[in-house]
Amino acid sequence: MLPRRLPIKYHILGHFAVAVAVVLILSGVVIHLFVAGKVRQNMVEKLAISNTSVKDAVEHGAAVALRTHLESIAKVHVDLLQGLENQVRSGLLPRTVAIERGREMLRQHKVGAQGGILALSSRGLVQAHADPVLIGMDLSDQWIVDRQISLKQGYLEGDWSNPGEEEIRPRALFMLTFEPWDWIVSVSCERREMSYLANDLRLGLQSHRFGQTGYAFIVATNGDIILHPWMRGTIATTDATARQIFDRLIEKKKGHFSYDWPGAASGENRRKMVFFDTIDSLGWIVASTADEEELFAPLTALGWIICLIVVATLILIVSLSLYLGSMITNPLSRLTEQMRLATEGRVTVCAEEDAPGEIGLVGRHVNGYLAWLRQSNQRILAEMDERLQTEHQLSLYRKAVEHAREGIMITDPDATILTVNRAFSEITGYAPEEAIGRNCRLLQSGRHDQTFYGKLWQTLLATGRWSGEIWNQRKNGEMYPQILNIGAIYDQDAGLSHFVAVFH
């Protein structure tokens, strides 16, 4: 407490400055904690999405590399079989000898540790296999063989067991038909045996960077290090720190966590964060890691900015308090001096006419002003409450649209896509950034003629809505039927502003 005999302006300065300082500091702490939490959450979500994109890129690259690898093996061996057939047609080899050589050639070729080449007839009889005992065996009752007989060429993925084996594993095969001998040549391997294709993925993975310190890597659930900037071999050959991190990745399979990593130059531990996900079909864990100091550098900058704002505001408040205190106390000081003179018996002294009136007028104006402020505040609070309710309702609408199981698309009157929800991307295969800004014709399957679309638009423009079944096409080219409802939205001037399409 300040001495009561100090001038009022110092009382104002002391109490006001302390109160404002406490409010500012508490507000700064609360704001920093709130904003820091939101920023950290957003950073974690963005990095998790980034790692998911890396995982998807790796999974897609692995699938393409595997298909290309199997296809090249199949083409080479079909060409070799064609060479044997050419020798038969030239009279250089009997057909039986050529077929036996072809079987031996296919039998000797291994694809990975568990893969190989199988030749089937169009009836499902084994023509060539690594195990000669299986030659002539009828496998047409197996679903994978039935698919090969039906397709005769192309790429297949699924879970099946090879002839002569009982264990069902994730596998892939590429098949080509050699018509002169009625052979379906199928090159297959386990999808988990992709380590030998790691170099094909390395360059693509190196392009995924997370700032200056971040990088991506891949480890297998069996302990092999598939891709890493500097580690090779298996988890067992790494140091204790790396083994603990890798073991934790394999145990959790998906998610994120923080860990301490020794620095290469300083030797001090650096706090890092890793995001990871599992490609079950390959048995790979794709992970992305980066220093937390770099990831959350904006939070540190935010803390300094808030501190600077608090200090600057305190300096401004102290100066303003002195100035305002002087403005208030100077007229009161003159009035006090006049009253002192009156108490000394100087009855001829009278107070300044305008001084008391001014003080009273100020009081009356302040009271009127405060009353006006209260009314204004009530109106503002009412408007804010109404706006918050409106924003909350809009937020609920946005969440409902985003989490709806039906695909939702909003376009302008020219059918240009303005926004889509998550179900739209899941159904069509188009990410929001791939669809927004493009005409909705990108979904057309080609199965409807222009007359169909003309009637659709005629009904929509005449009645404001259209419902029915329509065939559309996903991003990958697959056509699918959907139940579609389209509604027109008009603005306050009764002009057409948007179309809303809901489908499943």
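## Helix α11 and the sheet it crosses

Helix α11, formed by residues 450-463, lies across strands β14, β15 and β16 and runs at about 150° to β14. The model described here is predicted.

The strands crossed by this helix belong to an open sheet of five strands, ordered β13-β12-β16-β15-β14 and paired in the antiparallel sense. Its edges are formed by β13 (417-420) and β14 (465-473), each of which pairs on one side only. From one strand to the next, the twist averages 25°.

## Strand pairing within the sheet

Strands of a sheet pair through backbone hydrogen bonds, in either a parallel or an antiparallel arrangement. Between β14 and β15, which run antiparallel, there are nine bridges. One point of register in this pair is given by Trp466, whose bridge partner in β15 is Ile486. The hairpin of β14 and β15 has five residues between the strands, and Gly477 adopts a positive phi near 95° there.

Strand β15 (residues 479-490) also pairs with β16 (residues 496-503), in the antiparallel sense and over seven bridges. Here Ile489 has His498 of β16 as its bridge partner.

## Nonpolar cores

The largest nonpolar core comprises 24 residues, of which Leu70, Leu81, Trp181, Trp183 and Val187 touch the most other members. At least two residues of this core come from each of α1 (8-89), α2 (95-108), β2 (115-120), β5 (169-178) and β6 (183-190). The greatest contribution is that of α1, with eight residues.

Leu70 illustrates the contacts made by one of these core members. When residues up to four places away in sequence are not counted, Leu70 touches Val111, Tyr155, Ala172, Leu173, Phe174, Val187, Ser188 and Cys189. Apart from the largest core lies another, of 21 residues, including Ile417, Tyr453, Phe499 and Ala501. Tyr453 falls within the range of helix α11 (residues 450-463), Ile417 within that of β13 (417-420), and both Phe499 and Ala501 within that of β16 (residues 496-503).

## Internal cavities

Two cavities of 30 Å³ or more are present in the structure. The largest has a volume of about 70 Å³. Its lining consists of Tyr215, Phe217, His228, Met231, Ala242, Ile245, Phe246, Tyr259 and Trp261.

Three elements, β7 (215-220), α5 (240-252) and β9 (255-262), each supply at least two residues of that lining. Helix α5 gives the most to the lining of the largest cavity, with three residues.

Key. Residues are numbered from 1 along each chain as its sequence is written. This is a predicted model: local features need pLDDT of at least 70, side-chain atom pairs count only at pLDDT 80 or more; totals for chains, interfaces and linings use all residues. Side-chain values use heavy atoms; hydrogens and water are left out. Two strands pair if DSSP finds at least two bridges between them. Helices (H or I, at least four residues) and strands (E, at least two) are DSSP runs, numbered from the N terminus. Axes are lines fitted to C-alpha atoms, for helices over the stretch in contact, and angles run from 0 to 180 degrees between N-to-C directions. Contact means heavy atoms within 4.5 Å. A nonpolar core is a set of buried Ala, Val, Leu, Ile, Met, Phe, Trp, Tyr and Cys residues joined through side-chain atoms within 4.5 Å. Buried means under 20% relative accessible area, exposed over 50%, partly exposed in between (1.4 Å probe, protein chains only). On a 1 Å grid over the protein atoms alone, a cavity is a set of points where a 1.4 Å probe fits but cannot get out, and a pocket is an open set with protein on both sides within 12 Å along at least five of seven lines; lining residues have an atom within 4 Å of a point. Grid points are joined across faces, edges and corners, and a volume is the space filled by probe spheres set on the points.
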